[in-house]
Amino acid sequence: MAIGLDHFMRFQREGNYFLFRIITGDRMWVQKFTPEIKSASMMRKHPSSFVMKNFKMAHSTGKVMLTVFWNAKGVILIDFLSSGTINAARCCDTLTKLKSAIRRQRPGSSVEGFCSWTIT
(Lines give C-alpha, C1' and ligand atoms only; values in the text may rest on other atoms or scores of the structure.)
Protein backbone atom coordinates (compact mmCIF):
# COMPACT_ATOMS: atom_id res chain seq x y z
CA MET A 1 0.00 0.00 0.00
CA ALA A 2 2.89 2.33 0.76
CA ILE A 3 4.35 1.85 -2.73
CA GLY A 4 0.95 2.50 -4.31
CA LEU A 5 0.53 5.73 -2.32
CA ASP A 6 4.06 6.83 -3.23
CA HIS A 7 3.33 6.23 -6.93
CA PHE A 8 0.08 8.16 -6.70
CA MET A 9 1.85 11.15 -5.09
CA ARG A 10 4.58 11.06 -7.75
CA PHE A 11 1.92 11.00 -10.47
CA GLN A 12 0.31 14.06 -8.88
CA ARG A 13 3.66 15.88 -9.00
CA GLU A 14 5.08 14.63 -12.32
CA GLY A 15 1.99 13.72 -14.39
CA ASN A 16 2.39 11.57 -17.48
CA TYR A 17 6.19 11.81 -17.32
CA PHE A 18 6.04 9.51 -14.30
CA LEU A 19 3.79 7.01 -16.10
CA PHE A 20 6.26 6.70 -18.98
CA ARG A 21 8.99 5.75 -16.50
CA ILE A 22 7.12 2.74 -15.13
CA ILE A 23 8.56 -0.57 -16.27
CA THR A 24 6.72 -3.82 -15.72
CA GLY A 25 7.46 -7.40 -16.59
CA ASP A 26 6.17 -10.92 -16.64
CA ARG A 27 7.62 -14.39 -16.99
CA MET A 28 6.18 -17.70 -18.02
CA TRP A 29 7.24 -21.16 -19.17
CA VAL A 30 6.73 -21.64 -22.90
CA GLN A 31 7.08 -24.75 -25.05
CA LYS A 32 10.29 -24.74 -27.03
CA PHE A 33 9.95 -25.06 -30.80
CA THR A 34 12.74 -25.67 -33.26
CA PRO A 35 12.22 -24.55 -36.85
CA GLU A 36 13.34 -27.19 -39.35
CA ILE A 37 14.32 -25.29 -42.46
CA LYS A 38 14.14 -27.25 -45.69
CA SER A 39 16.95 -26.43 -48.10
CA ALA A 40 14.63 -26.94 -51.07
CA SER A 41 12.31 -24.21 -49.84
CA MET A 42 15.14 -21.71 -49.87
CA MET A 43 15.64 -22.04 -53.63
CA ARG A 44 13.98 -19.52 -55.89
CA LYS A 45 11.16 -21.09 -57.88
CA HIS A 46 9.30 -20.17 -61.04
CA PRO A 47 5.99 -18.36 -60.26
CA SER A 48 3.94 -21.25 -61.68
CA SER A 49 5.82 -24.00 -59.82
CA PHE A 50 4.50 -25.84 -56.77
CA VAL A 51 4.85 -23.73 -53.61
CA MET A 52 6.49 -25.47 -50.67
CA LYS A 53 6.25 -24.32 -47.09
CA ASN A 54 9.30 -22.40 -45.93
CA PHE A 55 9.59 -24.28 -42.66
CA LYS A 56 7.73 -26.45 -40.25
CA MET A 57 7.74 -26.22 -36.49
CA ALA A 58 8.78 -29.35 -34.64
CA HIS A 59 7.99 -29.83 -30.98
CA SER A 60 11.04 -30.01 -28.83
CA THR A 61 11.17 -31.87 -25.57
CA GLY A 62 11.74 -28.90 -23.33
CA LYS A 63 10.40 -25.62 -22.13
CA VAL A 64 12.08 -22.26 -21.72
CA MET A 65 11.39 -19.47 -19.29
CA LEU A 66 10.39 -16.34 -21.20
CA THR A 67 10.81 -13.05 -19.35
CA VAL A 68 9.59 -9.80 -20.91
CA PHE A 69 9.93 -6.25 -19.56
CA TRP A 70 8.12 -3.29 -21.14
CA ASN A 71 7.00 0.27 -20.56
CA ALA A 72 4.49 2.61 -22.23
CA LYS A 73 6.79 2.95 -25.26
CA GLY A 74 7.17 -0.79 -25.90
CA VAL A 75 9.28 -3.84 -25.11
CA ILE A 76 12.58 -3.18 -23.34
CA LEU A 77 13.96 -6.69 -22.84
CA ILE A 78 13.08 -10.24 -23.87
CA ASP A 79 15.10 -12.88 -22.06
CA PHE A 80 15.07 -16.69 -22.36
CA LEU A 81 16.25 -19.15 -19.75
CA SER A 82 16.55 -22.59 -21.30
CA SER A 83 18.23 -24.60 -18.58
CA GLY A 84 19.05 -24.53 -14.91
CA THR A 85 17.04 -23.50 -11.93
CA ILE A 86 15.55 -20.12 -11.22
CA ASN A 87 17.25 -18.74 -8.14
CA ALA A 88 18.43 -15.41 -6.80
CA ALA A 89 21.54 -15.44 -9.01
CA ARG A 90 19.45 -15.97 -12.19
CA CYS A 91 17.03 -13.21 -11.17
CA CYS A 92 19.94 -10.82 -10.54
CA ASP A 93 21.38 -11.72 -13.95
CA THR A 94 18.05 -10.89 -15.62
CA LEU A 95 17.81 -7.58 -13.73
CA THR A 96 21.37 -6.73 -14.77
CA LYS A 97 20.36 -7.31 -18.41
CA LEU A 98 17.32 -5.09 -17.85
CA LYS A 99 19.52 -2.36 -16.39
CA SER A 100 21.78 -2.50 -19.47
CA ALA A 101 18.76 -2.39 -21.81
CA ILE A 102 17.39 0.67 -20.00
CA ARG A 103 20.77 2.40 -20.26
CA ARG A 104 20.86 1.70 -24.02
CA GLN A 105 17.37 3.17 -24.45
CA ARG A 106 17.98 6.17 -22.18
CA PRO A 107 21.61 7.19 -22.62
CA GLY A 108 22.77 9.67 -20.01
CA SER A 109 19.92 9.00 -17.57
CA SER A 110 20.42 7.33 -14.22
CA VAL A 111 18.98 3.87 -13.69
CA GLU A 112 19.85 3.91 -9.99
CA GLY A 113 17.20 4.72 -7.43
CA PHE A 114 14.12 5.08 -9.61
CA CYS A 115 12.92 1.47 -9.45
CA SER A 116 10.60 0.02 -6.86
CA TRP A 117 10.40 -3.76 -7.24
CA THR A 118 7.17 -5.57 -6.54
CA ILE A 119 7.54 -9.33 -6.56
CA THR A 120 4.43 -11.47 -6.85
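Visitor: How much area does the protein expose, and what share of it do carbon and sulfur atoms supply?

Guide: In this predicted model, the protein exposes about 9500 Å², and carbon and sulfur atoms supply 61% of that area.

Visitor: Why is Leu19 called partly exposed?

Guide: Leu19 has a relative accessible area of 39%, and since buried means under 20% and exposed means over 50%, with partly exposed in between, Leu19 is therefore called partly exposed. This residue is found in helix α2, which covers residues 16-19.

Visitor: What makes Leu19 eligible for a surface patch?

Guide: A patch takes residues with over 30% relative accessible area and no salt bridge, and Leu is on the list of nonpolar side chains, so the 39% of Leu19 passes the area cut-off. Leu19 indeed forms a nonpolar patch on the surface with Phe11, Phe20 and Ile22, and together they have about 320 Å² of accessible area.

Visitor: What is the secondary structure of the protein, and in which order do the elements run?

Guide: The secondary structure comes to 3 helices and 3 strands, and from the N terminus on the elements run α-α-β-β-β-α.

Visitor: Which elements have the highest and the lowest mean pLDDT?

Guide: Among the elements, helix α1 (residues 2-14) has the highest mean pLDDT, 93, whereas strand β2 (residues 55-71) has the lowest, 75. The protein as a whole averages a pLDDT of 77, and 65% of the residues score at least 70.

Visitor: What percentage of the residues is buried?

Guide: Buried residues make up 18% of the 120 residues in the protein.

Key: Residues numbered from 1 in each chain as written. Predicted model: local features only at pLDDT ≥ 70, side-chain atom pairs only at ≥ 80, totals over all residues. Heavy atoms only, no water. Patch = residues over 30% accessible without salt bridge, like charges linked within 9 Å, V, L, I, M, F, W, Y side chains within 5 Å. Areas by Shrake-Rupley, 256 points an atom, 1.4 Å probe, with all protein chains shown as cover. Salt bridge = Lys/Arg side-chain N within 4 Å of Asp/Glu carboxyl O. Helix = DSSP H or I, 4+ residues; strand = E, 2+ residues; numbered from the N terminus. Buried < 20%, exposed > 50% of the residue type's maximum accessible area, 1.4 Å probe, protein only. pLDDT = per-residue confidence, 0-100.
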